[in-house]
Amino acid sequence: MSQVFIVANLKSYKIESEAKKWLEEFLEIKSYESKFENKKIIICPSFTLLPLFSSFVKENSLLVELGAQNVSPFDEGAYTGEVNARQLKDYCNYVLVGHSERRNNFNETEQLLGKKTELALKYQLMPIFCIQNNNNDIPQGVNIVAYEPTFAIGSGNPDTPENADLISSSVNSKENKYNILYGGSVNSGNVGSFTKMPNISGVLIGGESLNAKEFIEIIKNA
Ligand code: PGA
């Protein structure tokens, strides 16, 4: 059975007390874990919450990995306010790069995303590289790509599984073979229609992952 990636992007939500509540609710996952052997669950909280998530995952031996939502395009140094890949590696193994909310709100260019990817890889942080269509460049060394059409993000209006599959196969028919995830208005009702497609290796979930119980339902149905 091939591996299915289920990635939660908690975006810029939750203070520590809310994150603790989320984690306590998410603990219910323990009762299903034996059935989830082929599922790779990756949770991406805000920087401020990564230490909490990391300790909780270790203390409870959860079969879950963590990711950051952003990484500095610079290595460590005099870059006030930045969080670099080496610092992140203390807490997580993955990082989202190229999310449309960053490309659009923070003017992240393909050149900048290339630098972020390079530094992530230097410190063994696996980039989950987001593209919005099949014309976006994918930097070298990327293994996991998330196809997230902007119209589908947070809109309740997902792409069709057939179109998402088509885009995924066209991305993969270039030189490289990637694990391609679909993201955009995924919920527990529609997740299975995406993960069953031959060219889709998993899903990236925003809004619906903010509720731990709903996230567990998504994992079950993926
Ligand atoms: P959404 O967001 O699930 O809320 O549509 C997906 C994402 O932005 O990664």
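These legends go with a few close-up views of a predicted model.

**View A. Eight strands close up into a barrel.** Going round, the order simply follows the numbering, β1-β2-β3-β4-β5-β6-β7-β8, and the pairing is parallel. Neighbouring strands of this sheet are turned against each other by 25° on average, if you ignore direction.

**View B. Here β4 sits next to β5.** Strand β4 covers residues 94-97 and β5 covers residues 126-131; the two run parallel and are joined by 4 bridges. Look for Leu96, which has Ile128 of β5 standing opposite.

**View C. Two helices lie across the strands.** Helix α2 (residues 50-59) lies across β2 (39-44) and β3 (65-68), and runs at about 170° to β3. Helix α6 (residues 161-172) lies across three strands, β5, β6 (144-147) and β7 (179-183), at about 150° to β7.

**View D. Phe26 belongs to the largest nonpolar core.** That core has 58 residues, and Phe26 is among those with the most contacts inside it, along with Ile6, Trp22, Ile41, Ile43, Phe53 and Phe215. Skipping its neighbours within four places in sequence, Phe26 is in contact with Ile41, Ile43, Leu62, Val64, Ala212, Phe215, Ile216 and Ile219. There's also a second, separate core of 12 residues, including Val7, Ile42, Ala146 and Leu181.

**View E. The ligand has 13 residues around it.** Lys11, His99, Glu148, Gly154 and Ser185 come nearest. For Lys11, an N or O atom in the side chain is 2.8 Å from a ligand oxygen. Glu148 puts a polar side-chain atom 2.7 Å from an oxygen of the ligand. With Gly206 it's the backbone: an N or O atom there lies 2.8 Å from a ligand oxygen.

Methods. Residues numbered from 1 in each chain as written. Predicted model: local features only at pLDDT ≥ 70, side-chain atom pairs only at ≥ 80, totals over all residues. Heavy atoms only, no water. Core = buried A, V, L, I, M, F, W, Y, C linked by side-chain atoms within 4.5 Å. Buried < 20%, exposed > 50% of the residue type's maximum accessible area, 1.4 Å probe, protein only. Contact = heavy atoms within 4.5 Å. Pairing = 2+ DSSP bridges. Axes fitted to C-alpha atoms, helices over the stretch in contact; angles between N-to-C directions. Near = heavy atom within 4 Å. Polar contact = N/O pair within 3.5 Å; in protein donor to acceptor, adjacent residues only side chain to side chain.
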